[in-house]
Amino acid sequence: MPQTQFSLSLELAKIFPLREALTTGVKQLVNLVRALKRNGSDFLVEEDLARIFGRGKIEPSLEKDFRDVVKTGSFQSLDANSTIALDAGPGATLCRALKERFYMSCVIQLSFLVWMHQETTLAAMLVENMLARYESQVKGATPDPDYDGILKTLQA
């Protein structure tokens, strides 16, 4: 009996392309982490901040205006004869936010906070508050907020 069960498991594994789906999902995650790192951001820090700020509801008209401003990209050649061009537009963080409302809420709120406060002071306040959330045993709070990672993410 156990041999039949084992053989059935192998056959089911062949039917469902589980390995391919997992491989594709992991590749997408690794590509996202690499893109965020290139922009100066940090995947884990973004996830931690999104848990806090991603829950906020953003006024639809504000979200629309924000999307219109950040989604425009441009290419500018360094010289008329040059093949090198500068690419300006949304990076990995904004591209993800444009696709998922959870991250959009976080990006909009943090953008306003960075506009109103000095980045170093804001990063320190966020670390302090994230530690307080952990000490208060808030569900999903992380024990080790990274000041440098938060600062780089705010600057990105």
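**Exercise 1. Find the helix that holds A35, and work out whether A35 is buried or exposed.**

Start with the location: A35 is part of helix α2, residues 18–38. Helices here are DSSP runs of H or I with at least four residues, and strands are runs of E with at least two, numbered from the N terminus. This is a predicted model, where local features need pLDDT of at least 70, side-chain atom pairs count only at pLDDT 80 or more, and totals for chains, interfaces and linings use all residues. Residues are numbered from 1 along each chain as its sequence is written, and side-chain values use heavy atoms, leaving out hydrogens and water.

Next, accessibility. Buried means under 20% relative accessible area, exposed means over 50%, and partly exposed is in between (1.4 Å probe, protein chains only). A35 comes out at 16%, so A35 is buried.

Last, look along the chain: A92 is 57 residues away from A35, yet their C-alpha atoms are 5.7 Å apart.

**Exercise 2. Work out which side of α7 is buried and what covers it.**

Helix α7 runs over residues 119–135, which makes 17 residues. Its C-alpha span, first to last, is 24 Å, close to the expected 24 Å (1.5 Å times one less than the number of residues).

Now list the buried residues of α7: L122, A123, L126, V127, M130 and R133. They sit on the same side of α7, because their arc around the axis is only 140°, taken from the directions from the helix axis to the C-beta atoms. Flip to the other side of α7 and you'll find E128 and E135 exposed.

The cover over the buried residues includes α3 (43–53), α6 (101–116) and α8 (147–155); contact means heavy atoms within 4.5 Å. Just past the helix, Q137 follows α7 with a positive phi, near 60°.

**Exercise 3. Describe what surrounds S105.**

S105 belongs to helix α6. With 2% relative accessibility, S105 is buried. Leaving aside residues up to four places away in sequence, S105 touches F53, G54, G56 and I58. With G56 there's also a side-chain link: S105 reaches the backbone oxygen of G56 at 2.7 Å.

**Exercise 4. Classify the ring pair of F102 and Y103.**

The structure has 1 aromatic pair. Rings of Phe, Tyr and Trp (its six-membered ring) pair with centres within 6.5 Å; planes under 30 degrees apart are stacked, over 60 edge-to-face, the rest tilted. F102 and Y103 are 5.2 Å apart centre to centre with 80° between planes, so they're edge-to-face. F102 is partly exposed at 34%, while Y103 is buried at 11%.

Methods
A polar contact is a pair of N or O atoms within 3.5 Å; within protein, one must be able to donate a hydrogen and the other to accept it, and residues adjacent in sequence count only if both atoms are side-chain atoms.
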